[in-house]
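Biologist: I'd like to learn how to read a structure like this one, one feature at a time. Could you walk me through it?

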Amino acid sequence: MTAPAAAPPGPKMITLTIEGRPVTVPDGTSILEAAKLAGILIPHYCYHPGLPVAGLCRMCLVEVEKAPKLAPACATSVMEGNVVHVHSPKALDARKGVLEMLLINHPLDCPICDQAGECELQDYTFQEGRADSRYHEPKRFNPVEDFGGDVLYVTNRCILCTRCVRFMEAVAEEPVLCVSERGDRAVIGKFEGDDLTHAWAGNVVDLCPVGALLSKDFLNKARAWELDRAASVCPNCTQGCNSVLEVRDNAVVRMKPRSNEAVNHFYLCDQGRLDYRWLNRPDRIEQPQVRTHGALVRADWAAAIAAAVGLLKGNQVHVVASPMLSNEALHLLARVINAQGGAGRFAVETGPEAPLPGVKDLALRAERAANVKGAELLGFAKGGDVLAGLTSAHVLIVADHDVAGLDAATIKRAKALIVIGTALDASLAHADLVLPIANMSEEEGSFTNLRGRVQRFFQAKAAPGMARPSWFVLADLVAALGIAKTTWSPGDVFASLAASHAHFGGMTWEGLGLKGAVPAGAEVAS
Amino acid sequence: MAITVKVLNRPIAEASYLRATLGGMARTFKHMVNPHKVTVQYPEMREPVSPRWRGTHRMLTTEDGKAKCVGCGLCPTVCPANCIKLVPGEDEQGNRYPLVFEIDEFRCIFCGYCQEVCPEEAIHMGRHYENAEYSRASFVYDLERLTAQTHPVSQLWDPSDPAGE
Amino acid sequence: MIQAVFSHGGVIDPQTPIEDFWPFTILTIVKMVVVFTVYMVGVALLTFAERKISAWIQDRIGPNRVLWKGFGQVLADGVKNFMKEETYPEAAYKALFILAPMLAFVPAMVTWAVIPFASPLPTRWGLMSMAVADLPVGFLFTLAISSLGVYGIVLAGWSSNNKYALLGGLRSSAQMISYEIAMGMSTVCVLLLAGNVNLNSIVEQQATQGWNVVLLSVAFLVFFVATYAETNRLPFDMPEAESELIAGYHTEYSAMKFSMFPISEYANMVTASALTSLLFFGGWDIPFTTWDNVPPWTTLKTIVTLGVFAIKVIFFLFTFMWIRWTLPRFRYDQLMSLGWKVMLPAILAYVVIIAGTLLGLDAAGIARSSRAFTGILFGLNLACVGVLLFVLDRGRLLSPAQSRLKSAELSRLRQVASRSTLAPVTGD
């Protein structure tokens, strides 16, 4: 995951053999990281690439030839000519012992544990642990503790890896957690009077290798193996943290961070991870609607696009766009504005900024929308009155904009109103045409984050009814207006965007991949 | 095209119609006076079913009458027919339990995997075969019905013959 | 009134037939009621017996759920038949459609009028014959009436306006006519021996000479087979062959009208069984004794002979069922072939043989009641039956559709078959 950047003129390179495979890594790399490069996962609990090394769980013990004892792979740097055996009988035996010790007090409540299915203790025990326990005495019992914020601490399941303690100390730099008590009574505790209320505290749930720290939001909601996962980008601020949308029964039930060294490392703020419910809103528009004889009437897509052309032909447009729309949708809207004449504006909500001190340039940003930068780049004016300049000569296009606070009388000034969106607000009920689109979890597209990084997100669930992806609807409209040929995929739209806009120049849809890309010449220092 | 004709080689010498007729009469008479009855008087008498019999499900309960199920989701996962619907939730004490637990017995193929996989020994196949209902909908057994049923449960394997020989 | 009716001036010998009008009429009415009741209850129980016997033969249990041991099944079926909906096919000829079941039922019923079922009963008004109507033409009456039964079936088949029903009806008429001839001829032999058509006389004749089954074996065999055909019982139930004709002539019937057909079938069975025992098994005669055949008549004799007669009839009823659940159905051409090509020639020849023998024996002065007479006839019959069965065996006469190959021809065909294969044949 975090392969240290292999810069050519960097430090001395060291070659060693792990499980018979030769690996070359920079000096100072741990055996555990080197093994990852060789494609070998050394079991571990306390080690996490984003946290200081603690070396206390002893799960990553491996056999290094010529070393007198087994070495903890996470805390042992590689040496030239090392021969490492991960699965030698000695190493396996040691780890089996560690697992047995961990399981002495770990309850066998996997059926009611939310971590089941994504639990490292479960996985490693299944891989290398004993089939049964030799410990027949009653297990230690402690009650469940509420750590504040979104976090619940199930003491019994804790294996004291201290990832959470180290995260709060070294990354969040707000030491709230500690290890209280000693020996077999040790548990994770809070400092008196403190709560896990830090804006990034929710990450301890992801860091916890077992089910000791749980998200209250996700508690008992779904099993890990029932979830369909799609790579996505958190849409809740301009930071553009990479995320995974987890879907069950066509509803997003959880958003987790996806590691990207250049953006968010391994983290996602609480604001971002908990704000996914709007993706599941039930009051969606499911069919195109055309105003006929004074009433909105359901229509098929061909009729709806024809009606849009009829409304737009020869008229200027005023577009109120949402900064939640993808680059592709905004690009196509911009083409409509360019061809018809008119203006595009957007507004963005703001909130307090909350940085994560331990990671450079990572914060919950003040502007709470995904694609502010993209909208600005594509010629939409930010802020102010989004309806400024709207005259009766304009056709008003409201593209998924949240209309709360708009002046209804001003909206009525427009010659006609076209709503392209996921839901129809009451103040837009007089629209002449309503085109339902998918929200960001239901379509593919890309966002541009505040540093200009263009990142793709993927479809996680199905759009309701006849709703179509925004690029699909707008590409049809652009083609019907005779502005350009129609396009058949978001990649095609992006290609036309890359060809027409300097910021995106040289980028390809496939080239964006899972990590995104920055414009040529604006390389972000890592 | 030549056609092959099947020529029946009948044992003409043995085909005595009278003997056959009388033999038949004797046979039926023998059966009448000395019948080998195998009929089971069904509602009153029942053939014992195998301890491995897998019939419609039963949900076992704890002493206070609650379903043993903790909503772990293993049975819907393992179910090859996809007939179990489970929505887990929390009760007043914060315990995990199934908000919705439905088994569509029409879809069920009675493989017994759910019983085998259940870590709480909650869901069981029943040793039971009288399942008639008046509507399709009533074949979707909800938690209430599953816990209310009282028929004996399957053992999935015969303890005296675990290898199934 | 009653006293007046039954009082009689003079002393009446109980051993002479009743001559007074009123006692005769009233006792006849009593006999009618009793016979009808017993008859109908018997028919109902027969349906139950049929189901039970078939179950036993097939190693099943049979109806056993209604009342005691399932005897209530009869009632349940009756109630069911009354409660069911009467359906009328749209294209049916309604009048005949309704009439047909009655026509099938009545003749079976009426035949019983002349059947003597016990020795005469002495009463204070005279000797009462134990037949509802002891007609002098007794046996001819049964032949005449039983022939009418076919009308019910034919009309049912025709009036249903259903091709299967019509086929059933047609088969029935053809079958009835074919077998009635053989049946009539077989009774000629009995009449030759008895010299009288009164059924009581036939019983007396058998009591003195021995049962006709011994004296007229071939006639018995033919009569026996013909009764099966006449009652449409398996293996002769062509009119309702369900594998070919759905249900034959009663395809379109429902409820009680349908039920009338099975009832008449069972009634016919009872009649046929009674006739068989009368004509060939001595009727109410108890074998190996003459105690029951000679006056003075007593009530005890009546009861005992009634029991004997009942046993004989029940045995033949059982045989009906036994055969039904053993033998498969004939093919239609086999049925016709048996009737016309086997039974008719055989019985014609047999009539000639018997008539000639009787003539010869009479001319030789051998008394009819002598043991020699019985012995000679018995020996003759043994020979006749032997010849008949030898000819009949292997079914050659019954299966004209089945060609028999000469062994030389057979081996030639086999050679051809072994040479030709189903693989591609060229140049053919």
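**Reading the strands, helices and loops**

Modeller: Let's start with a pair of residues: A:Ile420 stands opposite A:Leu435 in strand β23 of chain A. Keep in mind that this is a predicted model.

Biologist: Okay, so which strands are being paired there, and in which sense do they run?

Modeller: Strand β22 of chain A pairs with β23(A), residues 433–436, in the parallel sense, over four bridges. On another pairing, strand β21(A), residues 394–399, is joined to β22(A) by five bridges, and those two run parallel as well. One pair to look up there is A:Val395, whose bridge partner in β22(A) is A:Ala416.

Biologist: Is β22(A) largely enclosed or open to the outside?

Modeller: Count its buried residues. For burial you need a cut-off: a residue is buried if 20 or more other C-beta atoms lie within 10 Å of its own. In β22(A), residues 416–421, five of the six residues pass that test, so the strand is largely enclosed by the rest of the structure.

Biologist: What is the order of the strands in the whole sheet?

Modeller: Reading across, the order is β15-β14-β23-β22-β21-β16-β17-β20, all in chain A. That makes an open sheet of eight strands with mixed pairing. To find the edges, look for strands that pair on one side only: here they are β15(A), residues 295–298, and β20(A), residues 381–382.

Biologist: How many bridges hold the β20(A) edge to β17(A)?

Modeller: Two, and the strands pair in the parallel sense; β17(A) covers residues 342–346. If you want to find the spot, A:Arg345 has A:Ala381 in β20(A) as its bridge partner. While you're there, look for helix α8(A), residues 327–340, which packs on the sheet and touches β16, β17 and β21 of chain A. The direction of α8(A) makes about 155 degrees with that of β16(A).

Biologist: What about antiparallel strands? Where can I see a pair?

Modeller: Go to the start of chain A. Strands β1(A), residues 13–18, and β2(A), residues 21–26, run antiparallel and are joined by six bridges. A:Ile14 stands opposite A:Val25 in that pair. The hairpin has two residues between its strands, and A:Glu19 takes a positive phi near 50 degrees.

Biologist: Why is a positive phi worth pointing out?

Modeller: Because most residues other than glycine have a negative phi. Two more cases are waiting in chain A. A:Leu160 is not a glycine, yet has a positive phi of about 55 degrees. You'll find A:Leu160 in the loop between β7(A), residues 151–154, and α4(A), residues 163–171. A:Glu181 also has a positive phi, near 65 degrees, and sits in the loop between β8(A), residues 177–180, and β9(A), residues 187–190.

Biologist: How many C-beta neighbours do those two have?

Modeller: Back to counting. A:Leu160 has 16 C-beta neighbours inside 10 Å, so it counts as partly exposed. A:Glu181 has 11, so it counts as exposed.

Biologist: Now helices. Which residues of α3 in chain A are buried?

Modeller: In α3(A), residues 120–128, look at A:Leu121, A:Gln122 and A:Tyr124. The buried residues of α3(A) pack against α2(A), residues 89–105.

Biologist: And how do I check the span of a helix in chain C?

Modeller: Compare its end-to-end reach with what its residue count predicts. Helix α11(C), residues 255–280, has 26 residues and reaches 38 Å from its first C-alpha to its last, close to the 38 Å expected at 1.5 Å a residue. The helix is mostly covered, with 23 of its 26 residues buried. Just after α11(C), C:Gly282 takes a positive phi of about 80 degrees.

Biologist: What does chain C look like overall?

Modeller: Its secondary structure comes to 15 helices and two strands. Of its 428 residues, 40% count as buried.

Biologist: Last one: how many residues of chain B are in contact with chain A?

Modeller: Eleven, and they meet six residues of chain A. On the chain B side, α2(B), residues 74–78, and β2(B), residues 84–90, each supply at least two residues. β2(B) gives the most, with three. By class, that side has five nonpolar, three polar and three charged residues.

Biologist: And how confident is the predictor about chain B?

Modeller: The mean pLDDT of chain B is 84, and 87% of its residues reach 70 or more.

Note on methods. Residues are numbered from 1 along each chain as its sequence is written. Chains are lettered from A and ligands numbered from 1 in the order in which they are written. This is a predicted model: local features need pLDDT of at least 70, side-chain atom pairs count only at pLDDT 80 or more; totals for chains, interfaces and linings use all residues. A residue is buried if 20 or more other C-beta atoms lie within 10 Å of its own, exposed if 12 or fewer, and partly exposed in between; C-beta atoms are placed from the backbone. Two strands pair if DSSP finds at least two bridges between them. Two residues are in contact if their C-beta atoms, placed from the backbone, lie within 7 Å. Axes are lines fitted to C-alpha atoms, for helices over the stretch in contact, and angles run from 0 to 180 degrees between N-to-C directions. The expected span of a helix is 1.5 Å times one less than its number of residues. Ala, Val, Leu, Ile, Met, Phe, Trp, Tyr, Cys and Pro count as nonpolar, Asp, Glu, Lys and Arg as charged, and the others, Gly among them, as polar. pLDDT is the predictor's confidence in each residue, from 0 to 100.
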